[in-house]
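Student: Could we go through the words used for this model one by one, so that I can see how each label is earned?

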Amino acid sequence: MDVILAEAERTDGMVLEMLDLSRLEAGKVKLSRDEFSLADLTKAIFEKLQMAAEAKELQISYEFPEQSTIVADENRIAQVVENFATNAVKYTPAGGSVTVRIQNNRGKTTFSIENDSDPLSDEALAKVWDTFYRVDESRSGGGTGLGLAIAKNIVELHGGKCSVRNTKTGVEFGFSL
């Protein structure tokens, strides 16, 4: 019974994510415009992930300016940050590090999360924002393959752009608004 219930909840979550993505892609989502601290939002999200990060003995570091307020839909930006943060914690090997950066430059705010991991292939870098795409099925961790597609649509609705790149020690996901 527990297995059936868990599968029903997983399926329900996937259906809700698909509906959300469909509304985002159709432009049917109304964004609110609130001023809030992206740094405070990010720290609150990582607080929720603290137990998972501690279990893997991850080093989380922040590089934030004093002023990191933005005007955007706070709940939707929280979805993006939570997706990036959850993926970083999930895919960083035990004992690794995660670095979160916020930069303000010429009226544009850039947010990024870099984590230790194996580099992504060129194919994965090209497809990572696609619906249902997962880099490695064996490490999917129960995800739906919708999170990054939803994140990209949210950022684009705000007039921003998402990015992903390999770094010297891992992978960096980010967005600019």
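Tutor: Let us begin with handedness: a crossing is left-handed if the near helix is turned anticlockwise from the far one by less than a right angle, and right-handed if clockwise. The model is predicted, so local features need pLDDT of at least 70 and side-chain atom pairs count only at pLDDT 80 or more, while totals for chains, interfaces and linings use all residues. Residues are numbered from 1 along each chain as its sequence is written, and side-chain values use heavy atoms, with hydrogens and water left out.

Student: What is the handedness of the crossing of α4 and α6?

Tutor: The crossing of these two helices is left-handed. Helices here are DSSP runs of H or I with at least four residues, and strands are runs of E with at least two, numbered from the N terminus. The axes of α4 (residues 74-91) and α6 come within 9 Å and cross at roughly 145°, where axes are lines fitted to C-alpha atoms, for helices over the stretch in contact, and angles run from 0 to 180 degrees between N-to-C directions.

Student: Which residues make the contact of α4 with α6?

Tutor: Contact means heavy atoms within 4.5 Å, and among the residues that make it are Ile77, Val80 and Phe84 of α4 and Leu148, Ala151 and Ile154 of α6.

Student: Why is the pairing of Glu172 and Arg101 called a salt bridge?

Tutor: The term asks for a side-chain nitrogen of Lys or Arg within 4 Å of a carboxyl oxygen of Asp or Glu. Between Glu172 and Arg101 the N to O distance is 3.5 Å, so the pair fits the definition. Because Glu172 lies in strand β7 (residues 170-176) and Arg101 in strand β4 (residues 97-105), the pair ties together parts that are 71 residues apart in sequence.

Student: Are Glu172 and Arg101 buried or exposed?

Tutor: Both residues are buried, a word that means under 20% relative accessible area, with exposed being over 50% and partly exposed in between (1.4 Å probe, protein chains only).

Student: What makes Glu123 count as partly exposed?

Tutor: Glu123 has a relative accessible area of 46%, which lies between the two cut-offs, so the label follows. Its salt-bridge partner Lys127, with closest N and O atoms 3.2 Å apart, is partly exposed at 34%. Both lie in helix α5 (residues 122-127), four residues apart, about one turn of the helix.
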